[in-house]
Amino acid sequence: MSDHIPDLTKMVSDTPRTDENEFDWVTASFARKLERQLNAANERIKRLEEAGDVLCAAAAFMGWHMEIEKWNKSKEAKP
């Protein structure tokens, strides 16, 4: 266990794995791994959105219009 206090003035990177290799060439195997992970994440997001849309259709019959609106807004907020 480290008793080091982190520097709170430093920005946290959104690409920590590639930052570790900042001055190295990225290997093809590393790039393939990242691409496979990205594709898997995008596929999972697609399935979750499809399931959410089905649930919203069912929720409309139950009068959950505010929740449906929240769901639709959250889908629009893609990066």
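This report covers the fold, the central contacts and the salt bridges of one protein chain.

**Overall fold and confidence**

The model is predicted. The chain has three helices and zero strands. Along the sequence the pattern reads α-α-α. Mean pLDDT for the chain is 83, and 80% of the residues score at least 70. Confidence is lowest in α1, with a mean of 76. It is highest in α2, at 92. Where pLDDT is low, predicted coordinates should not be read in detail.

Burial is limited to 8% of the 79 residues. The accessible surface of the chain is about 7,700 Å². Carbon and sulfur atoms account for 61% of that surface.

**Helix α2**

Helix α2 covers residues 28-61, which is 34 residues. At 1.5 Å a residue, the helix should span 50 Å. Its end C-alpha atoms are 50 Å apart, so the model agrees with the expected span.

Which residues of α2 are buried? They are F30, E49, G52, C56 and A59. These buried residues pack against α1 (16-20) and α3 (65-76).

**The contact of α1 with F30**

R17 sits in helix α1. Its relative accessibility is 37%, so R17 counts as partly exposed. Leaving aside residues up to four places away in sequence, R17 touches F30, K33, L34 and Q37. R17 and F30 are 13 residues apart in sequence. Their C-alpha atoms are 9.7 Å apart in space. F30 itself is one of the buried residues of α2.

**The end of α2**

F61 lies in helix α2. Its relative accessible area is 78%; with the cut-off for exposed at over 50%, F61 is therefore exposed. F61, M62 and W64 make a nonpolar surface patch of about 430 Å². G63 comes just after α2 and takes a positive phi of about 80 degrees.

**Salt bridges**

Side chains of opposite charge can pair when their charged atoms come close. How many salt bridges does a search of the whole structure find? It finds two.

D53 pairs with K75, and the closest N and O atoms are 2.6 Å apart. D53 lies in helix α2 and K75 in helix α3, so this pair ties together parts that are 22 residues apart in sequence.

E69 pairs with K73, and here the closest N and O atoms are 3.8 Å apart. Both residues lie in helix α3. They are four residues apart, about one turn of the helix.

The table gives the exposure of the four partners.

| Residue | Relative accessibility | Class |
|---|---|---|
| D53 | 35% | partly exposed |
| K75 | 23% | partly exposed |
| E69 | 44% | partly exposed |
| K73 | 52% | exposed |

Why does K73 count as exposed? Its relative accessibility is 52%, and the class begins over 50%. D53 counts as partly exposed because its relative accessibility is 35%. K75 has 23%, so K75 is also placed in the partly exposed class, since buried means under 20%.

**Summary**

Three helices make up the pattern α-α-α. The buried residues of α2 pack against both α1 and α3. The D53 and K75 salt bridge also ties α2 to α3. The E69 and K73 salt bridge stays within α3. At the surface, F61, M62 and W64 form the nonpolar patch.

Terms used
Residues are numbered from 1 along each chain as its sequence is written. Side-chain values use heavy atoms; hydrogens and water are left out. Helices (H or I, at least four residues) and strands (E, at least two) are DSSP runs, numbered from the N terminus. The expected span of a helix is 1.5 Å times one less than its number of residues. Buried means under 20% relative accessible area, exposed over 50%, partly exposed in between (1.4 Å probe, protein chains only). Contact means heavy atoms within 4.5 Å. Patches are made of residues with over 30% relative accessible area and no salt bridge: like charges are joined within 9 Å, nonpolar side chains (Val, Leu, Ile, Met, Phe, Trp, Tyr) within 5 Å. Accessible areas come from the Shrake-Rupley method with a 1.4 Å probe; for residues, only the protein chains shown count as cover. A salt bridge is a side-chain nitrogen of Lys or Arg within 4 Å of a carboxyl oxygen of Asp or Glu. pLDDT is the predictor's confidence in each residue, from 0 to 100.
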